[in-house]
Amino acid sequence: MASQITERMTVREAVLAFLRDQGMTRIFGNPGSTELPLFRAFPDDFHYVLGLQEAVVVGLADGFAQASGGPAFVNLHSAAGTGHAMGAIFTAWRNRTPLIITAGQQARSLLLHDPFLYSDRPTELVRPYVKYAVEPARAEDVPQAIARAWFHAMTYPRGPVFVSVPADDWDMPADPVPARTVPVAPGASGVALLADALRAARRPALVVGGEVERDGAWEAVIELAERFAIPVWHSPLEGRVGFPQDHGAFRGVLPADPSGVVRTLDGHDLILAIGTRAFTFHVEGPRPYAPPGARLILLGTDPEHGAAASTGEAVIAGIAPTIRALLADAPPRPATPPRKAPPALPDGRGRITTPALLDAVARLRQQGSPVVEEAPTARGPLVDYLPIDTPAAFFTCASGGLGFGLPAAVGVAMARPEQRTVALIGDGSAMYTIQALFSAAREKANVTFVIINNGAYAALDGFASHFGLNSVLGTDIGGLDFVALARAQGVAGARVEDPAALDDAVRTALSVEGPYLLEVMVA
Ligand SMILES: Cc1ncc(C[n+]2csc(CCOP(=O)(O)OP(=O)(O)O)c2C)c(N)n1
């Protein structure tokens, strides 16, 4: 390939040609003087997606990359802009989202004179939460650095990568770089170990996580659960849903504390954790951290999951091919257990409740359309009242870093224009990246933002008893007007407070064209 390359192009031309070859013709960004040279003679087949703060930019790209299944290209402003993005980069790291993040840098000729906007440690700023970070030693190496970064981002476990590009590099000569292909997930291995363990187990249990869905193993895991008649739990606090939540084998979401895990899985002699950590904790508890006496085996492409388990064996391999190999010797499918019915709705005493809202969205939304959630106290009821039953239909942040949901929903909607994305966002969460509404309007994104307004950081109030506090400081955020915030950025909307008006309000919010915000005042 390299021998055919004769003519030199500019760094910009070589980078854009590489991005085009890789199908990445969207650039998610927020510009500054150090980035502008990238846009000289910007080609018509590229689209610049503007976010008004870097946390929004990375959130947009993360949602887009996850919903489209591919990587996304990001261009940030130098140190301060990258700093704004750091929380979102951490989230992309936890989400395992392949993002090729570039940031501007001052011109090389000035660097020894400490110029304005100079980032003297560009790679160190992002380093702990990217798979690869580089500022190439020579301008002409920028295209190669981006190709290399792409490869790192797309290798399992996937994640964000970072390339710092000095402003004067874009016009320098460079050679084109050939397109790369997605590294193949590790092959099926450990099949015999898993088959033996399943054969020997009397009461196996499955614990699944978001990687099942990201790895395209949704159907395979359902078939495994059905053929071996194994009950399934979902790991808590995952960014995606790895098993249909209304399936008869589904037992719920595991608690996020050691005692809760041990209590829930007690009596199972084999726990197969697929595409997830074993286990994910949010609050402390006494040891043991895994059910004593049970054999724990992890299966997935992420070695960190195996490394982080306090006990257990790990098969690091592609989930779907491994399960398919296991199924070759599986027993015939027994009768499928009946689908779960949702519990009754609580009495809101004249107010809208979060379960009632979720139930209305579940009844009125287009089946299988994407749901983005960032509303901490709605997360529990979601499983019961808005069960996710199709793959690639649910997105939230795996990091716990609020501010992902609003921009990610816009990115998801851009990747799935034919479906109406529903974003369920808490009033507190919405305010971290409210500027994403501007991007939604500009991109005419097919998305309904449902702001669940309880006037509080309710999840933190809920923690008071855990820490033995009578009250928590800084959790009252009442008085915000989200319809006005939306209108100010070009997004239409309405507020609903009366339970009798809820269905009509949701119906309207789901049927308009372009972005729309429904602010729901909940008890
Ligand atoms: C970036 C960031 N800052 C602070 C927090 C701490 N935090 C966790 S839940 C929460 C409240 C969120 O409020 P809201 O979105 O209204 O949802 P609710 O808890 O009311 O359901 C906060 C502030 C966080 N998770 N991320």
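The following dialogue examines how certain descriptions of this predicted model are justified.

Trainee: Why is Ala500 called exposed?

Mentor: Ala500 has a relative accessible area of 67%. Exposed means over 50%, so Ala500 is called exposed. Its place is in the loop between β19 and α19.

Trainee: What makes β19 and β20 a pair of strands?

Mentor: Two strands pair if at least two bridges are found between them. Here 5 bridges join β19 to β20, residues 516-521, and the two run parallel. The count of 5 bridges meets the cut-off of at least two, and therefore the strands pair. Within this pairing, Val496 stands opposite Val520 in β20.

Trainee: Why are β16 and β19 called edge strands?

Mentor: The open sheet has 6 strands in the order β16-β15-β17-β18-β20-β19, with parallel pairing. Because β16 (394-395) and β19 (492-496) each pair on one side only, they are the edge strands. Helix α19, residues 502-511, packs on this sheet and touches β17, β18, β19 and β20. The direction of α19 makes about 160 degrees with that of β20.

Trainee: How do you know that Ser429 makes a polar contact with the ligand?

Mentor: A polar side-chain atom of Ser429 lies 2.6 Å from an oxygen atom of the ligand. A polar contact is a pair of N or O atoms within 3.5 Å, so this distance qualifies. Asn454 also qualifies, with a side-chain N or O atom 2.9 Å from a ligand oxygen atom. From Ala458, a backbone N or O atom lies 3.0 Å from an oxygen atom of the ligand. The protein covers 77% of the 580 Å² of accessible area that the ligand has on its own.

Technical notes:
Residues are numbered from 1 along each chain as its sequence is written. This is a predicted model: local features need pLDDT of at least 70, side-chain atom pairs count only at pLDDT 80 or more; totals for chains, interfaces and linings use all residues. Side-chain values use heavy atoms; hydrogens and water are left out. Helices (H or I, at least four residues) and strands (E, at least two) are DSSP runs, numbered from the N terminus. Contact means heavy atoms within 4.5 Å. Axes are lines fitted to C-alpha atoms, for helices over the stretch in contact, and angles run from 0 to 180 degrees between N-to-C directions. Buried means under 20% relative accessible area, exposed over 50%, partly exposed in between (1.4 Å probe, protein chains only). A polar contact is a pair of N or O atoms within 3.5 Å; within protein, one must be able to donate a hydrogen and the other to accept it, and residues adjacent in sequence count only if both atoms are side-chain atoms. Accessible areas come from the Shrake-Rupley method with a 1.4 Å probe; for residues, only the protein chains shown count as cover.
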